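Here is a short report on one protein chain. Look at the structure first, then read on.

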Amino acid sequence: MVSLTERTRGGSPRALMSWRWWVAVLLFVAASVPQVAALVEGLYCGTEVCYDVLGVTREASKAEIARAYRQLARRYHPDRFRPGDPELEPAQQRFLLVATAYETLKDEDSRRDYDYMLDHPEEYYQHYYAYYRRRLTPKVDVRVVILVTICAISIFQYYSWHSSYNEAINYLVTVPKYRIQATEIAKQQGLLNRAKEKGKNRRSKEEIREQEEEVIRDIIKNKIDIKGGYQKPNLSDILLCQIVLFPYYLTQYVKWYATWVYRFTICREEYGLEEKLYLIRRNMKMSQAQFDGVDENSVQTFLEKQLWMKENYEVYRKEQEEEMKIKMATDPRMKRYRRWMKNEGPGRLTFVDD
């Protein structure tokens, strides 16, 4: 069997040059790969060891590290040098290096990552990830951010509900039905009795009218019970209070559900008025605020039709759908709308000659 040396010696010059070329490429690639080193420029103290910068050992305590930092900071602080002093620039660089070393070693987590880098220099990219993750991570506690966000949402909720409630009151003040009733109540309570005013205390007609409007508004606000989305805002309904009271609400729900199962599933009791209304609202998939906005006549109709039973509600729903189809088929406005959709539609461009 011919050896590799003999084949090389007996080979052609072209084969020999090709083999040398491949060896050179491999050597170049090996030289291009960055050497694994524990001290990397751009990480922590660069090519210097942070412990050596502060002049302490790896077993030094926090107090020893802080003492060494204060001594070196006083020595290299830029304020100790005059402008133009040739030692100013080296002192500034040394001061920044000392500060970096102290920032690295004073924190337990950062010091642990740095010690791990010294002990495991082969994990090159892991050190970069740990260093920049710690530097770019926000310093604010996440719990504080969540709490501030919840408070901001709660404030916005209360302000929005309060604005909607004021809009409803402003509208009701203009409705003749409620305005007349509020005026009668104000007269009965003696709030609109105009006493004769003389001298400097005499008010203008505009001032008297504004006062009467405030009286009527206050009576409507106190007497009327607004339900639904425009009801009076309550602090217990905002997000912050809901989160705080969630354990209480959960306990109440579990207690209510257990009572419901015991009374109406196990003991087979008949439903009361409150239970019937709850089942009707659940069948209609309405929230409590939406159901509170339903007028009394409709609620009475629901009770007469026994809509708390699932089968009765399905029959009622189908009847309502059929009535709606008939109404849409016979309503002149719906006919015009369907004719317009068929002939022109929202996506067509037409020209009308005036």
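## What buried means

A residue counts as buried when its relative accessible area is under 20%, and as exposed when that value is over 50%. Partly exposed residues fall in between. Keep in mind that this is a predicted model.

By that rule, 23% of the 354 residues of the chain are buried.

## The whole chain

The chain has 17 helices and 0 strands. Its exposed area is about 27,900 Å². Carbon and sulfur atoms supply 56% of that area.

Now consider contacts between residues with a separation of 6 or more. Of these, 59% join residues 24 or more positions apart.

## A buried serine

Find Ser110 in helix α6, which covers residues 108-119. Is Ser110 buried or exposed? Its relative accessibility is 9%. The cut-off for buried is under 20%, so Ser110 counts as buried.

Which residues does Ser110 touch, leaving aside those up to four places away in sequence? They are Tyr44, Glu103, Thr104 and Arg134.

## A nonpolar surface patch

Next, turn to the surface. Phe246, Leu250, Tyr253, Val254, Trp256 and Tyr257 make a nonpolar patch there. The patch measures about 640 Å².

One of its members is Trp256. Trp256 sits in helix α12, which runs over residues 246-266. Trp256 has 34% relative accessibility, so it counts as partly exposed. Ser110, at 9%, counts as buried.

How values were computed. Residues are numbered from 1 along each chain as its sequence is written. This is a predicted model: local features need pLDDT of at least 70, side-chain atom pairs count only at pLDDT 80 or more; totals for chains, interfaces and linings use all residues. Side-chain values use heavy atoms; hydrogens and water are left out. Helices (H or I, at least four residues) and strands (E, at least two) are DSSP runs, numbered from the N terminus. Buried means under 20% relative accessible area, exposed over 50%, partly exposed in between (1.4 Å probe, protein chains only). Contact means heavy atoms within 4.5 Å. Patches are made of residues with over 30% relative accessible area and no salt bridge: like charges are joined within 9 Å, nonpolar side chains (Val, Leu, Ile, Met, Phe, Trp, Tyr) within 5 Å. Accessible areas come from the Shrake-Rupley method with a 1.4 Å probe; for residues, only the protein chains shown count as cover. A salt bridge is a side-chain nitrogen of Lys or Arg within 4 Å of a carboxyl oxygen of Asp or Glu.
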